[in-house]
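Open the model in your viewer and switch to a cartoon view. Keep the sequence panel at hand for selecting residues.

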Amino acid sequence: MYTVREIARSLDLTAEGDLDLVIIRAAEPQDAGPQDLAMATSAKYSENLSQGSAQVALLWQGADWQAMGLKAAIFAPRPRMALGGVSTLLDRGQGFETGIHPTAVVHETAVLGGDVSVGPLSIIAAGAKIGAGSVIGPHCYIGAEVEIGAQAQLREMVSIGARARIGDRFRAQPGARIGSDGFSYVTPEVSGVENVRKTVGDQGEAQAQSWMRIHSLGAVSIGDDVELGANCTIDNGTIRDTEIGSGSKLDNQVHVGHNTRIGRDCLLCGQCGISGSVNIGNNVVLGGQCGAADNIFIGDGVIAGGATKIISNVPAGRVVMGYPAVKMETHTEIYKAQRRLPRLMRDIENLKKAVFK
């Protein structure tokens, strides 16, 4: 629980009214009770305050809080940014116990920093190093010689393969998998797939063959402040490491193929699929269900709309959409033209009839 004064001071925001009111949780305006902080971050949301019984709200600067019937208000120049701070303060966590659970298996050569918690039935393998203040949830697996920095937060059933290196403040949601083997296979002779890549369609005279496995000798390297969503999967590199840059966030069910390099502060939304050996720059945003073909680069600051399929290089700063990916404005024109096709076909049929007559 925090007072209005404590919340405002913590977030370096201004507040007015009864600053000693106690806040227990954050809530939407229509659901907020007397001890809730109503997140009325714009005039649109503040219209719903009358449906609840909030006494305090997080508002935009200049809002008339008294006219809204509130007893106090916190003002933010960028309310959504303030929401991040509020959520940090009021997050009650997952209720994991502190210390090392009796059912956890920690190898005698593993090194755990101060105040590390290890949940029930988790395994920490030989030579692993875990930074101070980290929380390893239930049923997690930390492989041999893995290095994890300080203040990591691993939810239940996260697994990290051998020799992965992870920076500070790493966060992984349930079921995230780091360090699975790459999807790498080869045939004794040139395959139909290889011929198709060269000819863009012709398999040539390639014969059916069995696939031979290429082992993954690399691992995964992850920077600081990286977050992985539930059931996110990252493959080991074939020779060198697969890399995720500091500050990048990968949503649920994102897959990153072997040898791929993702830069700093990237956002990969749900169900994105990144093939092997893709080079993604810094501050790239890929909407949900985007896909990237192997061995291409995506430049700094690229934004791809949802379900975009990127099959060739994208220069820095471009906004793309569609399949195959094109400039967003081009895709919009294509979409408009597609919607006009039925009408155009009817017009053509009418013209044909007129001509024949």
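The tour below goes from one residue to a few paired strands and then to two sheets. Bear in mind that this is a predicted model.

**Stop 1: Ser46**

Select residues 43–46. This is helix H2, and Ser46 belongs to it. Now show side chains. Is Ser46 buried or exposed? Ser46 has a relative accessible area of 13%. It counts as buried because that value is under the 20% cut-off.

Next, look for what the side chain of Ser46 reaches. It comes to 2.8 Å from the backbone oxygen of Ala43. Then display the contacts of Ser46 beyond four places in sequence: they are Ala40, Trp60 and Met68.

**Stop 2: strand S6 and its partners**

Select residues 56–60, which make up strand S6. How many of its five residues are buried? Four are, so the strand is mostly covered.

Add residues 36–38, strand S5. S5 and S6 run parallel and share two bridges. To find the pairing by eye, pick Ala38 and look across to Ala57 in S6.

Now add residues 72–76, strand S7. S6 and S7 are also parallel, joined by five bridges. Pick Leu58, then Ile74 in S7: the two are bridge partners.

Turn on backbone hydrogen bonds here. Strands of a sheet pair through such bonds, either parallel or antiparallel.

**Stop 3: the nine-strand sheet**

Colour the strands in the order S9-S12-S15-S18-S23-S26-S29-S32-S35. Together they form an open sheet with parallel pairing. Go to the edges: strand S9 (111–112) and strand S35 (297–298). Each has a single partner strand, so one side of each lacks a neighbour in the sheet.

Inside this order, zoom in on S18 (residues 165–166) and S23 (residues 220–222). Two bridges link them in the parallel sense. Which residue of S23 is the bridge partner of Ile166? Select Ile222 to see it.

**Stop 4: the eleven-strand sheet**

Give a new colour to S10-S13-S16-S19-S24-S27-S30-S33-S36-S38-S39. This is an open sheet of eleven strands, and its pairing is mixed. Its edge strands are S10 (117–118) and S39 (326–327), each pairing on one side only.

Finish at S30 (residues 267–268) and S33 (residues 285–286). These two run parallel and are joined by two bridges. Select Leu267 and you will find Val285 of S33 opposite.

Key:
Residues numbered from 1 in each chain as written. Predicted model: local features only at pLDDT ≥ 70, side-chain atom pairs only at ≥ 80, totals over all residues. Heavy atoms only, no water. Buried < 20%, exposed > 50% of the residue type's maximum accessible area, 1.4 Å probe, protein only. Polar contact = N/O pair within 3.5 Å; in protein donor to acceptor, adjacent residues only side chain to side chain. Contact = heavy atoms within 4.5 Å. Pairing = 2+ DSSP bridges.
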